[in-house]
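Have a look at the chain below before reading on. The notes that follow take a patch on its surface as the starting point and then move out to the overall layout.

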Amino acid sequence: MKSIFVALAFLAILASLGSALFFMMRGKGDDRARSKRMAWALTARIALSIVLFLCVLIAWKLGYIQPTGLPVKTQ
């Protein structure tokens, strides 16, 4: 369940970034409206990234997820 939430949040972040690229590359239309929509998409991406980071941090603090680290190879 946790990994599904993280995957969906990551896909939403990528979709927001893609929509900002779409509005930036679109050549026709009002430049002001296009810039406004692109800025909104980038703001949404930043907000989603912050929310995802906070959710992972809270899940770690509450013990829902555990850091595993890298395996130590002893000789």
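Which residues make the nonpolar surface patch of about 940 Å²? In this predicted model, the patch is made by Ile46, Ile50, Phe53, Leu54, Leu57, Ile58, Trp60, Leu62 and Tyr64.

Several of these sit on helix α2, which runs over residues 31-62. Ile50 is one of them, and Phe53 and Leu62 belong to α2 as well. How much of each side chain's residue is open to the outside? Ile50 is partly exposed at a relative accessible area of 47%. Phe53 has 55% and is exposed, because the cut-off for that class is over 50%. Leu62 lands in the exposed class too, with 57% relative accessibility.

Not everything on α2 faces out, though. Ala41, Ala44, Leu52 and Ala59 are the buried residues to note in this helix. As background, an α-helix has 3.6 residues a turn, so residues three or four places apart point the same way.

Now for the helix as a rod: does α2 run straight or fall short of its expected span? With 32 residues at 1.5 Å each, α2 should span 46 Å, and its end C-alpha atoms are 46 Å apart, so the two values agree. Right after α2 comes Gly63, with a positive phi near 90°.

Over on the other helix, α1 (residues 2-25), there is Ser16. Is Ser16 buried or exposed? Its relative accessible area is 8%, so Ser16 counts as buried, the cut-off being under 20%. Who covers it? Setting aside neighbours within four places in sequence, Ser16 is in contact with Ala41, Ala44 and Arg45. Two of those partners, Ala41 and Ala44, are themselves buried in α2.

A few C-alpha to C-alpha distances help to place the pieces against each other:

| Pair | Apart in sequence | Apart in space |
|---|---|---|
| Phe53 and Val6 | 47 residues | 9.7 Å |
| Ser16 and Ala39 | 23 residues | 11 Å |
| Leu62 and Met24 | 38 residues | 40 Å |

So much for the details; here is the whole chain. Its secondary structure comes to two helices and zero strands. The C-alpha trace spans about 65 × 30 × 15 Å along its principal axes. The radius of gyration is 18 Å, whereas a compact globule of 75 residues would have one near 11 Å.

Burial is limited to 12% of the 75 residues. The accessible surface comes to about 6500 Å², and carbon and sulfur atoms hold 72% of that. As for contacts with a separation of 6 or more, 53% are between residues 24 or more positions apart.

To pull the threads together: Ser16 on α1 touches Ala41, Ala44 and Arg45, while Ile50, Phe53 and Leu62 are among the residues of the nonpolar surface patch.

Definitions and conventions: Residues numbered from 1 in each chain as written. Predicted model: local features only at pLDDT ≥ 70, side-chain atom pairs only at ≥ 80, totals over all residues. Heavy atoms only, no water. Patch = residues over 30% accessible without salt bridge, like charges linked within 9 Å, V, L, I, M, F, W, Y side chains within 5 Å. Areas by Shrake-Rupley, 256 points an atom, 1.4 Å probe, with all protein chains shown as cover. Salt bridge = Lys/Arg side-chain N within 4 Å of Asp/Glu carboxyl O. Helix = DSSP H or I, 4+ residues; strand = E, 2+ residues; numbered from the N terminus. Buried < 20%, exposed > 50% of the residue type's maximum accessible area, 1.4 Å probe, protein only. Contact = heavy atoms within 4.5 Å. Expected span 1.5 Å × (residues − 1). Rg over C-alpha atoms; globule rule 2.2 N^0.38 Å.
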